[in-house]
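Please open the structure in a viewer and keep the selection tool at hand. The tour below proposes one selection after another and states what is found at each stop.

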Amino acid sequence: MNKKQLRATYKQKRENLSSAEKNFLQENIYQQIYNLDISDVKIIHIFLSLEKFNEINTSPIINYFRTKNIKIVVPKTNFKNNSLTHFYLEEDTELAINHYGIPEPKDAIEVSENDIDLVFVPLLISDKQHHRIGYGKGFYDRFLSNCRPNCKKIGLNFFKPISEIKDINEFDIPLDLVLYPK
Ligand SMILES: Nc1nc2c(c(=O)[nH]1)N(C=O)[C@@H](CNc1ccc(C(=O)N[C@@H](CCC(=O)O)C(=O)O)cc1)CN2
Ligand SMILES: Nc1ncnc2c1ncn2[C@@H]1O[C@H](COP(=O)(O)OP(=O)(O)OP(=O)(O)O)[C@@H](O)[C@H]1O
């Protein structure tokens with residue numbers, strides 16, 4: 001299958017998960033996150049879940065990093081040029097759901113990509129070389145290309161990586177690690 005077919009297949013597979021299945025799978029992923037070595041991590045970047053696409057609920061992950069006194073950064077989308085800007089998410093930061101259904105911070109302090117130590121990356125499917133397929137607008141390919149080389153990029157997915165995504169392009173940045181239920 002090419003990227004487009006894989007994207008459609010795994011988008012559907014995810015939407016078909018029951019809430020019981022999803023809870024079971026995401027709990028396993030949370031446990032793996034709680035076991036990560038985060039000794040060098042001061043600032044993490046994470047997405048706020050898009051409910052209509054049945055994404056993993058990232059709230060428990062955010063709460064976990066808060067208990068570790070690690071700062072949380074979340075993206076804001078610009079669909080005109082498919083780019084992201086990044087903002088601190090404090091406990092009292094107000095959120096607004098944008099046109100695409102993504103919660104975004106309203107008034108918050110902007111953060112440079114350079115300051116981020118670890119990025120949790122949303123994806124639909126990855127391969128064994130840690131290439132990923134997202135919704136197909138290149139938001140994360142652009143963003144990750146601006147992060148520091150030593151910034152850790154960790155994908156989160158409900159499904160096991162496939163052997164190879166054949167039609168990767170020059171912009172696809174491989175992740176350091178992909179967490180999926182084991
Ligand atoms: N929670 C979360 N936030 C994220 C991402 C993500 O994957 N998950 N993104 C990761 O990149 C970016 C947003 N990417 C998105 C891309 C497409 C659509 C969307 O609604 N697509 C419609 C078609 C829209 C159109 O083309 O007009 C669809 O697929 O039905 C939503 C978000 C940034 N923020
Ligand atoms: N750094 C970049 N500069 C310019 N164009 C880019 C860049 N990264 C990706 N693109 C373009 O964005 C489009 C989407 O890329 P791709 O098919 O890899 O999406 P994806 O990884 O599934 O999406 P996403 O990152 O939004 O989850 C492609 O047309 C690609 O050429």
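Select Lys137 together with ligand 1: an oxygen atom of the ligand lies 3.0 Å from an N or O atom in the side chain of Lys137. This is a polar contact, that is, a pair of N or O atoms within 3.5 Å; within protein, one atom must be able to donate a hydrogen and the other to accept it, and residues adjacent in sequence count only if both atoms are side-chain atoms. The protein covers 77% of the 700 Å² of accessible area that ligand 1 has on its own; such areas come from the Shrake-Rupley method with a 1.4 Å probe, and for residues only the protein chains shown count as cover.

The model is predicted: local features need pLDDT of at least 70, side-chain atom pairs count only at pLDDT 80 or more, and totals for chains, interfaces and linings use all residues. Residues are numbered from 1 along each chain as its sequence is written, chains are lettered from A and ligands numbered from 1 in the order in which they are written, and side-chain values use heavy atoms, with hydrogens and water left out.

Next, add Glu55, where an N or O atom of the side chain is 2.7 Å from a nitrogen atom of ligand 1. Add Lys52 as well: an N or O atom in its side chain is 3.4 Å from an oxygen atom of ligand 1.

Now show the whole shell of ligand 1, which has 17 residues, the closest being Leu48, Glu55, Pro122, Tyr135 and Lys137. A residue is near a molecule if one of its heavy atoms lies within 4 Å of it. By class, this shell has 12 nonpolar, 1 polar and 4 charged residues. Ala, Val, Leu, Ile, Met, Phe, Trp, Tyr, Cys and Pro count as nonpolar, Asp, Glu, Lys and Arg as charged, and the others, Gly among them, as polar.

Move to ligand 2. Which residues are closest to ligand 2? They are Lys3, Arg7, Arg132, Gly134 and Gly138, out of 16 that surround the ligand. An oxygen atom of ligand 2 is 2.9 Å from an N or O atom in the side chain of Lys3. A polar side-chain atom of Asp141 also lies 2.9 Å from an oxygen atom of ligand 2, and a polar backbone atom of Lys137 is 3.2 Å from an oxygen atom of this ligand. The shell around ligand 2 has 5 nonpolar, 4 polar and 7 charged residues.

Then display the largest pocket, in which ligand 1 sits and ligand 2 sits. To sit there, a molecule must have more than half of its atoms within 2 Å of the grid points. On a 1 Å grid over the protein atoms alone, a pocket is an open set of points with protein on both sides within 12 Å along at least five of seven lines, a cavity is a set where a 1.4 Å probe fits but cannot get out, and lining residues have an atom within 4 Å of a point. The pocket is lined by 34 residues, of which Tyr135, Gly136, Lys137, Gly138 and Phe139 lie nearest its centre.

Finally, select Arg14, Ile29, Phe47, Glu55, Ile56, Pro122, Leu123, Leu156, Asn157 and Phe158, which line the largest cavity. This lining has 7 nonpolar, 1 polar and 2 charged residues.
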